[in-house]
Amino acid sequence: LISPTSSTISQSPLLQQQYRYKSLTKTKRRQRDKMAERERRVAAGLPAKPRPPKYIPKDLPVINAMTRLDRDDESVSFDVASAVEMKEKITTQNEQEDTLRFGFDGLVMSDRVRKLLDLQNGSQKEVVSSQKRRGMELFQLREGDTGSSAVQVVALTTRIQQLQTHMARHKKDNSTKRGLDALYVRRRKVLDYMERKDFESYRKVVKSLGLAR
């Protein structure tokens, strides 16, 4: 095969076009296609670049449906309603039968056996586990809910408080401090997700647990 000379290429427009396209790199071809697409959009009366999915124009006026005072009043009323709801749940939980060790709740037994299985005779681990379970029950969306965001925040807060008590006595335990920092990050991520997706539950959890946000 004989490669075309420069004179042959200059005489034939088709060969010139093929040779020019063949010499382009992938990046240059992509840039050429992009510029052609922009020219096509401008010719059709559209913007040169397509808008992002959630694009908001800069000159769009911002309309507040509520004044600042109305929003503050709504926030206060929501906090009061959440506090009343939480008090009712705590009262209902306290009226139930006392928690026993090893999951023996609801069984018929003598007073002597019940006294042996009372949680006051349990270990620190059993007491913390019971407190964690009772706290999670206050924010459950359904029976046996252990995966909703509010329940996860309660579980993480219980573990954080337990490690904080440990760090108060063992200040040089760097491994526990590292794990405690990781729990802080996990809880903050869950709270950020709740703030975006379910703001009412987020406010309720933050107010109930007394978290600084």
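## Exercises on an all-helix chain

Buried residues account for 21% of the 213 residues in the protein chain. The model is a predicted one, so let's work through it with that in mind.

**Exercise 1.** Work out the overall make-up of the protein chain: how many helices and strands does the secondary structure come to?

*Solution.* Start by counting elements: the chain has nine helices and zero strands. Reading from the N terminus, you get α-α-α-α-α-α-α-α-α. Next, look at the contacts with a separation of 6 or more: 41% of them join residues 24 or more positions apart. Finally, the surface: the accessible area is about 17,200 Å², and carbon and sulfur atoms own 54% of that.

**Exercise 2.** Find how helix α4 and helix α9 pack: what is the angle, and how far apart are the axes?

*Solution.* Grab residues 68-95 for α4 and residues 199-209 for α9; the angle is about 65° and the axes sit 10 Å apart. Angles of 65 to 115 degrees count as roughly perpendicular, and α4 is therefore roughly perpendicular to α9. As for handedness, this crossing is right-handed.

Now list who does the touching. From α4 come Glu-74, Ser-75, Phe-78, Asp-79, Ser-82, Glu-85 and Met-86, and from α9 come Glu-200, Arg-203, Lys-204, Lys-207 and Ser-208. Sort these residues by type and you end up with two nonpolar, three polar and seven charged.

**Exercise 3.** Repeat the job for α8 and α9: at what angle do the axes cross?

*Solution.* Helix α8 covers residues 174-197, and its axis comes within 6 Å of that of α9, crossing at roughly 135°. An angle like that makes α8 and α9 oblique to each other. On the α8 side the contact uses Leu-191, Met-194, Glu-195 and Lys-197, while α9 brings Phe-199, Ser-201, Tyr-202, Val-205 and Val-206. Sorting again, the α8 contact with α9 has six nonpolar residues, one polar and two charged.

**Exercise 4.** Place Leu-156: is this residue buried or exposed, and which residues does Leu-156 touch?

*Solution.* First locate Leu-156: the residue belongs to helix α7, residues 149-169. Then check the relative accessible area, which is 9%. The cut-off for buried is under 20%, so Leu-156 is buried. Leaving out residues up to four places away in sequence, the contacts of Leu-156 are Leu-183, Arg-186 and Arg-187. For a distance, take Arg-186: this residue is 30 residues from Leu-156 along the chain, and their C-alpha atoms are 8.0 Å apart.

Technical notes. Residues numbered from 1 in each chain as written. Predicted model: local features only at pLDDT ≥ 70, side-chain atom pairs only at ≥ 80, totals over all residues. Heavy atoms only, no water. Axes fitted to C-alpha atoms, helices over the stretch in contact; angles between N-to-C directions. Helix = DSSP H or I, 4+ residues; strand = E, 2+ residues; numbered from the N terminus. Parallel < 35°, antiparallel > 145°, perpendicular 65-115°, else oblique. Left-handed = near helix turned anticlockwise from the far one by under 90°. Contact = heavy atoms within 4.5 Å. Nonpolar A, V, L, I, M, F, W, Y, C, P; charged D, E, K, R; others polar. Buried < 20%, exposed > 50% of the residue type's maximum accessible area, 1.4 Å probe, protein only. Areas by Shrake-Rupley, 256 points an atom, 1.4 Å probe, with all protein chains shown as cover.
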